[in-house]
Amino acid sequence: MAELVFFSGTMDCGKSTLALQMHHNHAARGRDGVLFTRQDRAGTATISSRLGLVRQACEVDDATDFWAEVITRRTQGRPVDYVIGDEAQFYTAAQVEQLARAVDELGVDVFAFGISTDFRAQLFPGSARLVELADRVEVLQVRALCWCGARATHNARTVAGVMVVEGAQVVVGDVEAGADEVGYEVLCRRHHMRRMTAATARAASPTPQTLTLSVQA
């Protein structure tokens with residue numbers, strides 16, 4: 001039976017890598033699928049992994065109708081056994097409902113990948129609807145780490161290394177952004193609530209902890 005599955009995690013936890021691996025596994029078994037993405041950091045119509053994997057995909061915008069996309073392909077004689085949707089947090093609630101309809105009425109497996117919450121620790125509309133409708137929600141097992149070494153559970157937006165909590169919900173950036181660019185960093189809840197990024201932590205403790213050894217003559 002077809003399923004709608006939402007794979008969720010913070011940035012830097014391997015979502016896009018898993019999406020591409022899943023596509024490879026299904027395609028290798030003779031299944032026909034379609035890749036979708038929205039606002040990937042590498043550019044339009046691209047799914048990219050930080051491990052260096054890149055694959056072309058169909059770019060999603062607000063006008064995209066997933067139901068119509070599947071129907072059109074099948075009408076043209078192309079079977080669609082599964083859909084992989086990366087950056088699913090950016091999909092609209094209506095688009096998530098279209099994906100659920102494709103599962104229920106057309107028997108298409110849908111595997112959606114995305115982060116759940118934005119830089120303010122608030123659910124993206126697409127992620128919220130996926131949590132509400134998905135047959136399963138899977139938390140990725142690869143754990144991103146906060147600068148302190150604890151498990152990272154929150155996404156922070158930064159400018160010059162300083163965490164910001166105001167602005168548009170969607171601003172494309174990367175964890176490897178330059179010093180003066182809008183960037184993102186994954187933090188544990190404690191440091192997200194304290195607004196303490198790696199840069200501000202270094203500023204507060206500029207010298208590393210060291211052991212002083214006394215040498216006796």
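Is Arg74 buried, partly exposed or exposed? I looked this up before anything else and found Arg74 partly exposed, with a relative accessible area of 32%. I note at the outset that the model is predicted.

**Entry 1: Arg74**

I placed Arg74 in helix 2, which runs over residues 66-75. I then listed its contacts, leaving out residues up to four places away in sequence, and found Val80, Leu106 and Val108. With Val80 there is also a polar approach: the side chain of Arg74 reaches the backbone oxygen of Val80 at 2.7 Å.

**Entry 2: helix 2 as a whole**

Which residues of helix 2 are buried? I recorded Phe66, Trp67, Val70 and Arg73. These residues lie on the same side of helix 2, because they cover an arc of only 140° around the axis. I next looked up what covers them, and the cover includes strand 2 (33-37), strand 5 (58-59), strand 6 (82-85) and helix 3 (93-106).

I also inspected both ends of the helix. At its start, a side-chain oxygen of Asp65 reaches to within 3.0 Å of the backbone nitrogen of Trp67. Just after helix 2, Gly77 takes a positive phi of about 90°.

**Entry 3: Leu35**

From the cover of helix 2 I turned to strand 2, where Leu35 is found. Leu35 has a relative accessible area of 7%, and so it counts as buried, the limit being under 20%. Which residues does Leu35 touch, leaving aside neighbours within four places in sequence? I found His23, Ile47, Arg55, Gln56, Ala57, Cys58 and Ile84. I added one backbone distance: the C-alpha atoms of Leu35 and Leu20 are separated by 8.9 Å, with their positions 15 residues apart along the chain.

**Entry 4: Thr46**

I located Thr46 in strand 3, residues 46-48. Is Thr46 buried or exposed? Its relative accessibility is 14%, so I entered it as buried. The side chain of Thr46 reaches the backbone oxygen of Thr44 at 3.1 Å. Beyond the neighbours within four places in sequence, Thr46 is in contact with Thr37, Asp40, Val54, Arg55, Ala57 and Glu59. I noted that Arg55 and Ala57 are also listed among the contacts of Leu35.

**Entry 5: helix 4**

For helix 4 (residues 125-133) I recorded Gly126, Ser127, Ala128 and Leu130 as the buried residues. What do these residues pack against? I found strand 1 (4-8), helix 3 and strand 7 (109-114). Helix 3 is also part of the cover over the buried residues of helix 2.

**Entry 6: Val172**

I found Val172 in the loop between strand 10 and strand 11 (182-187). Val172 is partly exposed, at a relative accessible area of 46%. How far apart are Val172 and Arg41 in space, C-alpha to C-alpha? The separation is 6.6 Å, although the two are 131 residues apart in sequence. Once neighbours within four places in sequence are set aside, Val172 is in contact with Gln39, Arg41 and Tyr184.

**Entry 7: positive phi outside glycine**

Most residues other than glycine have a negative phi. I therefore looked for exceptions to the general pattern. Ala160 has a positive phi of about 55° although it is not a glycine. Ala160 is found in the loop between strand 9 (154-159) and strand 10 (162-164), and its relative accessible area of 45% makes it partly exposed. Arg195, likewise not a glycine, has a positive phi of about 60°. I placed Arg195 in the loop between helix 5 (189-193) and helix 6 (198-204).

**Entry 8: the chain overall**

I closed with totals. The protein chain has 6 helices and 11 strands, and its C-alpha trace spans about 85 × 40 × 30 Å along the principal axes. Of the 217 residues, 43% are buried. What share of the contacts with a separation of 6 or more comes from residues 24 or more positions apart? I entered 73%.

The chain exposes about 11,900 Å², with carbon and sulfur atoms supplying 51% of that area. On charge, I recorded 22 positive and 26 negative side chains. The centres of the two sets lie 6 Å apart.

Terms used
Residues numbered from 1 in each chain as written. Predicted model: local features only at pLDDT ≥ 70, side-chain atom pairs only at ≥ 80, totals over all residues. Heavy atoms only, no water. Helix = DSSP H or I, 4+ residues; strand = E, 2+ residues; numbered from the N terminus. Buried < 20%, exposed > 50% of the residue type's maximum accessible area, 1.4 Å probe, protein only. Contact = heavy atoms within 4.5 Å. Areas by Shrake-Rupley, 256 points an atom, 1.4 Å probe, with all protein chains shown as cover. Lys, Arg positive; Asp, Glu negative; His and termini not counted. Charge placed at Lys NZ, Arg CZ, Asp CG, Glu CD. Polar contact = N/O pair within 3.5 Å; in protein donor to acceptor, adjacent residues only side chain to side chain. Arc of directions from axis to C-beta.
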